[in-house]
Amino acid sequence: MALYGKGMLITFSETQPAVEEDFNEWYNREHIDERVWMPGFHRARRYVDANATAEIKYCATYETNKVEDLADPDYMELLKDQSDWSKKVMSTFTKFDRITATVTIDLSHGFGGACCVVRFFPKSDVMSKLREALQFDLLPSIISKPGFIGAVLVENNLSVANEGRRAQGIEIPENETPEWVIIIESQDSQVLSAQIKKEIKVEFSEFGIVSTDIKIATYNLMFGNNR
């Protein structure tokens with residue numbers, strides 16, 4: 001089964017240890033459910049760092065009909081005036097990052113217990129060839145291995161991202177480059193071995209993307225909901 005649409009919101013967040021229990025309760029009892037019922041949203045899942053090496057401890061994905069749903073007027077209004085619990089928890093964030101993306105490759109098959117998130121910024125002159133290589137070579141090769149469930153490529157849509165920033169009063173960066181994110185799902189985090197990480201970095205080198213420019217993190221599934 002493919003994803004629930006062609007749009008995806010990805011958030012990365014971390015909070016203070018003293019309030020981490022409340023942070024997780026808010027995510028599981030309010031935030032995910034609230035987002036799933038927003039216009040265009042269908043499924044949300046949240047993850048936690050599997051081996052204490054991720055740059056940001058928690059990751060969440062939200063699947064929408066299309067990326068433009070992430071700039072829907074009703075959604076923008078919610079971002080301006082969130083619940084008291086949301087305001088309380090978000091004020092404790094120590095790290096936060098947000099990507100509003102278009103799904104350009106969908107090789108998913110259901111969902112697994114863990115995922116590997118690969119983040120990088122390809123140059124515009126290699127995007128077409130890299131996208132083709134990912135769809136027909138690299139990603140099919142990876143997910144054909146035992147224990148792997150599927151993989152997707154999403155590309156950050158900066159015009160949609162900037163609508164969200166404006167709604168939240170966040171400054172819009174100048175000369176920003178679209179970020180690409182690959183999400184590889186497996187049955188558990190043990191399957192996401194160092195060999196897979198090595199394979200990605202080797203394959204990317206021919207497109208001018210060096211290993212130091214790639215962020216890779218492994219996450220375990222914590223909670224999800226859909227409609």
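**Group meeting: a walk from Glu-155 outwards**

Okay, let's start with one residue: Glu-155 is buried, with a relative accessible area of 12%. The cut-off for buried is under 20%, so at 12% Glu-155 falls on the buried side. Before I go on, keep in mind that what you're looking at is a predicted model.

So where does this glutamate sit? Glu-155 is part of strand β6, which covers residues 148-156. And what does Glu-155 touch, if we skip residues up to four places away in sequence? The list is Thr-100, Ala-101, Thr-102, Thr-104, Arg-131, Glu-179 and Trp-180. Look at Trp-180 in particular: its side chain and the side chain of Glu-155 make a polar contact at 3.4 Å.

Now, one of the residues touching Glu-155 is Arg-131. Helix α4 runs over residues 127-143, so let's have a look at that helix. What does α4 do around Leu-134? There's a kink there, about 50°, centred on that leucine. Leu-134 is also one of the buried residues of α4. The others are Met-127, Leu-130, Leu-138, Leu-139 and Ile-142.

There's a kink in another helix too. Helix α1 takes in residues 20-36, so 17 residues. From first C-alpha to last, α1 reaches 22 Å, close to the 24 Å expected at 1.5 Å a residue. The kink in α1 is about 45° and is centred on Tyr-27. Tyr-27 is on the buried list for α1. Also on that list, among others, are Phe-23, Trp-26 and Ile-32, along with charged-looking names you may want to find on screen: Glu-20, Glu-30 and Arg-35.

Let's zoom out to the whole protein. How many helices and strands are there? Six helices and eight strands. Reading from the N terminus, the order goes β-α-β-β-α-α-β-β-α-β-α-β-α-β. The radius of gyration is 17 Å, close to the 17 Å the globule rule gives for 227 residues, so the protein is as compact as a globular protein of that length. If you want a box around the C-alpha atoms, along the principal axes, think roughly 45 × 35 × 30 Å.

Two more things on how the chain packs. Of the 227 residues, 51% count as buried. And of the contacts with a separation of 6 or more, 83% are between residues 24 or more positions apart.

Last, the outside: the accessible surface comes to about 10800 Å², and 50% of that belongs to carbon and sulfur atoms.

Notes. Residues are numbered from 1 along each chain as its sequence is written. This is a predicted model: local features need pLDDT of at least 70, side-chain atom pairs count only at pLDDT 80 or more; totals for chains, interfaces and linings use all residues. Side-chain values use heavy atoms; hydrogens and water are left out. Helices (H or I, at least four residues) and strands (E, at least two) are DSSP runs, numbered from the N terminus. The expected span of a helix is 1.5 Å times one less than its number of residues. The bend at a residue is the angle between axes fitted to the seven residues ending there and the seven starting there. Buried means under 20% relative accessible area, exposed over 50%, partly exposed in between (1.4 Å probe, protein chains only). The radius of gyration is taken over C-alpha atoms; the globule rule is 2.2 Å times the number of residues to the power 0.38. Contact means heavy atoms within 4.5 Å. Accessible areas come from the Shrake-Rupley method with a 1.4 Å probe; for residues, only the protein chains shown count as cover. A polar contact is a pair of N or O atoms within 3.5 Å; within protein, one must be able to donate a hydrogen and the other to accept it, and residues adjacent in sequence count only if both atoms are side-chain atoms.
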